[in-house]
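Here is a short report for a reader meeting this protein for the first time. Look over the sequence and the model, then read on.

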Amino acid sequence: MSSGNQQPTGGATPTGTPAGAPQPSSTGLPQQGTVPPFAPSSATATATAAAPHRPNWFQRHVRRRIDAVPLSTKLVACIIVLLTIGSFALSFSIRQLVSNYLLEKIDKQLSNQSELVVNAADILAKTDPSQSSFGLNDYYVQLRGLDYKIVRVPLKPTSANGSSIAPVLPADGSMGSVELGVPFTTTAVVTTETPVSQNSQNGGNSNGNGGNSQSNDAQNSQNNQNDGQNSNDQDSQSGQNNQNSQNGQSGTQGQTHVTVTKINSPWRVLVLPIVDKDTGAPTGYAFIGLPLKDVVDTTNTLTRYSAMVGIAVVLLGAVIGTLLVQTTLTPLKRIEKTAAKIAAGDLSQRVPSAPENTEVGSLAASLNAMLTRIEQSFHEQQETTEKMKRFVSDASHELRTPLAAIHGYAELYKMQREFPGALERADESIEHIEASSARMTVLVEDLLSLARLDEGRGIDLTQQVPLTSIVSDAADDLHALDPERGIREGSLELRHAQDGSGSRFAFVEGTMPQVTLTGDGSRLRQVVTNIVGNIHRYTPADSPVEVSVSVLPASISPESLSRMPATEASMRHLVEAIEVGQSMQVGMNYAIIRFVDHGPGVPEASRSQIFERFYTADPSRARLKGGTGLGMAIAQSVVKAHRGFICATGTDGGGLTLTVVLPIAPVEPRVAAATGMAGTVGPTDDARRKGAKPDKKSRAR
């Protein structure tokens, strides 16, 4: 838009200009692009657009009532409506097809028999209609000249009472919109002649012969308008065109009253030219017609039968549809009842199963899976809540014990400081206070470490950790704590059990293979130290211990491994994954650390609980040994932070076995198949084992 068409910014509306109309320019023409000064602003339009949409009358009343109708009722109503529409469409289609077919048959009959009917019209007119003439008596034939004037009607069907039936044709001397050789449908009229007595005729004919002639002329005009022919057409065969006037002059002859009635029965008419056989020149036109009464009767009868069959189909479909809908919705009702029970608090309820290839079966399977997850999450939440309550209680108890000891010995010191020998007793009290303080410090540090691990802090997973050195140092520390304990080091192999119970780990005494992985060295050392500390505290000092390290492939991801619970079922699942990984050489290489003791062990029901916080099999004995009940909980948190797995299982012959699994790297495909027993370490690993053990003197204690 050019600068000359700028929109006005204000101004009053001129007098006489309608509000909102464009303002006239100086040239007298309205300016394009003008905007009324009172046009709504953008802020007003935005406020209007942001206004909440109010439901209309249909949504408030009709839509709400439709939504309140039960689903089964809607489905049955839809079935009835569809069946009704289908039946109507089918009946209408059948009617149209049959009607068109019969109409084509009539057209062919008119076309094929036209010459025969025209030539034999005079003979057929003299035949008794009651006698069989192969239906040729039903034809109507009208002959016209080249000027479309009516020449004669050689054949006209008559009824049993003497009435004549004729189709309505174009007026005399006109063809109207009729085309040659193209059949068309038209209505028909019935002409009835009723005899009239001479007295009544004379009484009504006061104007003499002229009156009769006028009456007949009026009747002839009426006939010409209704059926396209006058009364002379009926007598044109004998050439007596002036019969009406003669009847008016003769007082002794009988008179007739002509009645023309229009009927609804259609006719099919075909117009063909009449050609002279000798010269081949056209001499006129022939209107040949056949009544369509049989066609109409057939289509009406067929329509009635189709309607009755359609009604029966709709009723039967409604009954079958109701039963089918009720049967189909029965599982949904069961789901509704199950949901009501679950809402009441029974999370163990499940939806009845159905074939999953159906919608209801798929819904039931999805709901059951969801309910299982919900129940599992609910139980986990309950367990977490119970653990938290127990943790708070145990933490309070563990902290209260050293605090009570500190408080008690402090009061004892205050009470005894004025008595003789108070200095010696004060030193004893201070020693007890110091021991309780040290225990409380360890406990608080462990709690802080767990809190940091739960938050994902306090751990560095980017270090290269010599795992074999850490395990070897822990074995040396255990030997230093318990000199009489027999400690054997070696590796692990996966072997099939002789009793057919499956594969299991087997200890192979020897040099531990050198294993390096990425993780936090200080935290992994803490894990091994806590395990060794438990062995030292809770097993006899002379019970043997086997410590082993190995690298085995397993067809399980570290994420899935870290999510497995610390149960023996998870250990069996890990063994199966290792079997698949060894046979297929796929998955991830894992470092497996195993500590096997032969002490009193832990009951099977309590093995998974040793990783809970503040869990101790004997709390009094734990305090005597200096335990806090948090060592194995810290070990599990560290292992899970490394995407690993830790589990406690029973030892053959008695005792406890702790297994730690840590991921190293994905399995690399081998070029040549490894020889030897499945599960054993290859020659390259054996070569690395030899001389790989570092000097114990160089390792930090």
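Over residues 305–325, what percentage of the chain is helix, and how far apart are the end C-alpha atoms?

## Two annotated stretches

The chain is 100% helix and 0% strand over residues 305–325. The end C-alpha atoms of that stretch lie 29 Å apart. This is a predicted model.

Why pick out those residues? An unreviewed UniProt entry lists 305–325 under "transmembrane region", along with residues 73–94. Residues 73–94 are also modelled as 100% helix, with 0% strand. Here the end C-alpha atoms are 31 Å apart.

## The protein overall

The protein has 701 residues, and buried residues make up 33% of them. It contains 18 helices and 14 strands.

Consider the contacts with a separation of 6 or more. Residues 24 or more positions apart account for 72% of these. The accessible surface comes to about 41700 Å². Carbon and sulfur atoms hold 56% of that surface.

## Helix H12

Helix H12 covers residues 467–481. At 1.5 Å a residue, its 15 residues should span 21 Å. The end C-alpha atoms are 21 Å apart, so model and expectation agree.

Is H12 largely enclosed or largely open? Of its 15 residues, 11 are buried, so the rest of the structure largely encloses the helix. The buried run starts with Leu467, Thr468, Ser469 and Ile470. Val471, Ser472, Asp473, Ala474, Ala475 and Asp476 are buried too. Leu478 completes the list.

## A six-stranded sheet

In what order do the strands of the open sheet lie? The order is S9-S8-S11-S12-S14-S13, with mixed pairing across the 6 strands. Strand S9 (503–509) and strand S13 (645–650) are the edges, each pairing on one side only. Neighbouring strands are turned by 25° against each other on average, direction ignored.

At one end of that order, S9 meets strand S8, residues 487–496. The two run antiparallel and are joined by 7 bridges. Within this pair, arginine 495 stands opposite arginine 504 in S9.

Which helix packs on the sheet? Helix H13, residues 521–538, does so. H13 touches strand S11 (545–554), strand S12 (588–597), S13 and strand S14 (656–666). The direction of H13 makes about 25° with that of S12.

Notes: Residues are numbered from 1 along each chain as its sequence is written. This is a predicted model: local features need pLDDT of at least 70, side-chain atom pairs count only at pLDDT 80 or more; totals for chains, interfaces and linings use all residues. Side-chain values use heavy atoms; hydrogens and water are left out. Helices (H or I, at least four residues) and strands (E, at least two) are DSSP runs, numbered from the N terminus. The expected span of a helix is 1.5 Å times one less than its number of residues. Buried means under 20% relative accessible area, exposed over 50%, partly exposed in between (1.4 Å probe, protein chains only). UniProt positions are given in the numbering used here, feature names are shortened, and annotations may be inferred rather than shown by experiment. Two strands pair if DSSP finds at least two bridges between them. Axes are lines fitted to C-alpha atoms, for helices over the stretch in contact, and angles run from 0 to 180 degrees between N-to-C directions. Contact means heavy atoms within 4.5 Å. Accessible areas come from the Shrake-Rupley method with a 1.4 Å probe; for residues, only the protein chains shown count as cover.
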